[in-house]
Structures are given as C-alpha cells and as structure tokens.
Amino acid sequence: MLKKGILVLICFTFFACSEDESITPTNNGTPNPTTANLQAVGSSANDILSDHTYTSLSIEIVYVQGFEPSQTAVNNFTSFLQERTFKPDGISTTLTAIESPGNTSYTIEDISNLESIHRMNYNSDSEVVIWVFFADAPSASNTSSGVVLGTAYRNTSFVIYEQTIQELSDEPFEPNRSVLETTVIKHEFGHLLGLTNLGSALQSAHEDAEHPKHCDVDSCLMYWAAETGSGISNMISGGNAPQLDAQCIADLQANGGK
Ligand SMILES: [Zn+2]
Ligand SMILES: [Zn+2]
C-alpha cells in the first residue's frame, strides 16, 4: 500500500507549442522533419493507433543508468501496443542507457532539453516513433502532498519518474515495482493515444468532470481521480496493472485503433 495521500499519479501537459517551434531548427525555411514530433499531447493519436499513415511503430526508451524499467514492464507495454494498434509492419523497442545528467529534479523543460540531445529517431514516411525517458530524479512539480510518476508532454514524448517509482515500490506494504511501472507507462501512453477526450473523441460520456482528460470509471487505466495514494493503491492491489475499460477502448477504435 502506498502512503496515503502523498501520491498524485501522472499527468499530461500541454507543452507550449510556441516554445516547441522556437527550439525547432529550420533549414532554409523548410520545416525540420522533427516538427511532426513536437506537437501537443494526443494530436497524433490516429497516427499511432491506425495504419493509415504509419505502418510500423518504434518505441525509443532512454534511461539513466540504474533507472531502467523492468523487462516485465517493457513486455507488458509491448503487449498493450499490440492489443490496441494496427501496425502490420511491426512494433519495435530499443533501450539505451545514458549517464546521469546530474539533475536533482526535472522540469518538463529539462526533459525536453534532454530529448533534443538524446533522442535519435523521429517519424519517417512509414514509421511513427515514440520517445520515453526514465528519470533518475523526481519531478520538479512534486509537493509535500503529491508526487508525479509520469508526464506525457508532447504527441510522441513522455517521461517516467523512475527514481520516484523505485522509492514507492518493492518494500513491504508497497506495490510491486513492475506493476507500478506498467501502470504509469500505459497510462501516459494512453494520453498519447488521445485518452480521455484528448484527441480521440468521446464515444460516450465518460470524461471525469473534476479531472479533465481522464476517465470517470474508477477501475479504468485512465482513471486518476486517484490523486491520493490510496486510489492508486486500490487500483493495483490485485497485483495487476489496471486495464482500459470498454468506453476508452471504444474511443480508440473510433479513432482507428483496435
Ligand atoms: Zn493522466
Ligand atoms: Zn476508461
């Protein structure tokens, strides 16, 4: 069980587009191809879900040494992608370790700067590429009453605060680490898939009015009215990461997903 009341899971952020553009180099006025990967969270949901434009999907995982996700969590994530997306030419995952950048905490701007240095691949004609960073220090947005475990901050980018996950897992009365990792990774990726009402249109009324862009079904992966630790703890108490409920799956299917 997580310490009651200290856990705000996860969030998404609309990382300012104007800022994105200012860090996007251009070549004689021609937009840099990476611009396609510097858009708002959820705006590429159809590209990731369907095979209309991109027939393969690549997940580029970069982690600070010592903060690698468990193989179980990576496998669970890959299974989730296969269950929900149409990618006839395959789904691939790469893991790369980097030295610690030396931060004691990370703002989204810090993460974005690291992405510009360490991200190796962007979309090609037929492949959509996702970049995930596993951080060795907490989010700068943590407070005494809540910590952030992950943030989706662009259409193809999200961060997992692995050091925080490690602190909150695998001790007596704490959740299993790979289950907590799986939950946060899939939840953040769910935002990239446009959930909930974040690029994949609602097929039924299930957006949580008090927690926009989240699902109001309390057993759903995209439910994070779980702004307290007890909520998350309840969701994973069975030893498995929560699944998407039928309404979220219907939204994905209506936007080109499985
Ligand atoms: Zn969220
Ligand atoms: Zn849902």
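## Reading two zinc sites

Visitor: Why does His214 count as buried?

Guide: The general idea is a cut-off: a residue counts as buried if its relative accessible area is under 20%. In this predicted model, His214 comes out at 4% relative accessibility, so His214 is buried. His187 counts as buried too, because its value is 0%.

Visitor: Okay, and which residues are the protein donors of the zinc ion (ligand 1)?

Guide: Look for protein atoms that lie within 2.8 Å of the metal. Here, the NE2 atoms of His187, His191 and His214 do the job, lying 2.1 Å from the zinc ion (ligand 1). Along the sequence, the spacing of these donors reads H-x3-H-x22-H. His187 belongs to helix α6 (residues 177-192), while His214 sits in the loop between α6 and α7 (229-235); the two are 27 residues apart, so this pair links distant parts of the chain.

Visitor: What coordinates the zinc ion (ligand 2)?

Guide: That zinc ion has Cys215 (SG), Cys220 (SG), Asp245 (OD) and Cys248 (SG) around it, at 2.0 to 2.3 Å. Their sequence pattern is C-x4-C-x24-D-x2-C. Here again a pair links distant parts of the chain: Cys220 is in the loop between α6 and α7, and Cys248 is in helix α8 (residues 246-254), 28 residues away. Cys220 is buried, at 0% relative accessible area, and Cys248 counts as buried at 0% as well.

Visitor: How do I read the arrangement of the four donor atoms around the zinc ion (ligand 2)?

Guide: Check the angles. The ideal for four tetrahedral donors is 109.5 degrees. Around the zinc ion (ligand 2) the donor atoms subtend 96 to 120°, so the arrangement is tetrahedral.

How values were computed. Residues numbered from 1 in each chain as written. Chains lettered and ligands numbered in written order. Predicted model: local features only at pLDDT ≥ 70, side-chain atom pairs only at ≥ 80, totals over all residues. Heavy atoms only, no water. Donors = N, O, S within 2.8 Å, 3.2 Å for Na, K, Ca; no water. Helix = DSSP H or I, 4+ residues; strand = E, 2+ residues; numbered from the N terminus. Buried < 20%, exposed > 50% of the residue type's maximum accessible area, 1.4 Å probe, protein only. Tetrahedral: all angles 85-135°; square planar, octahedral: opposite > 155°, others 65-115°.
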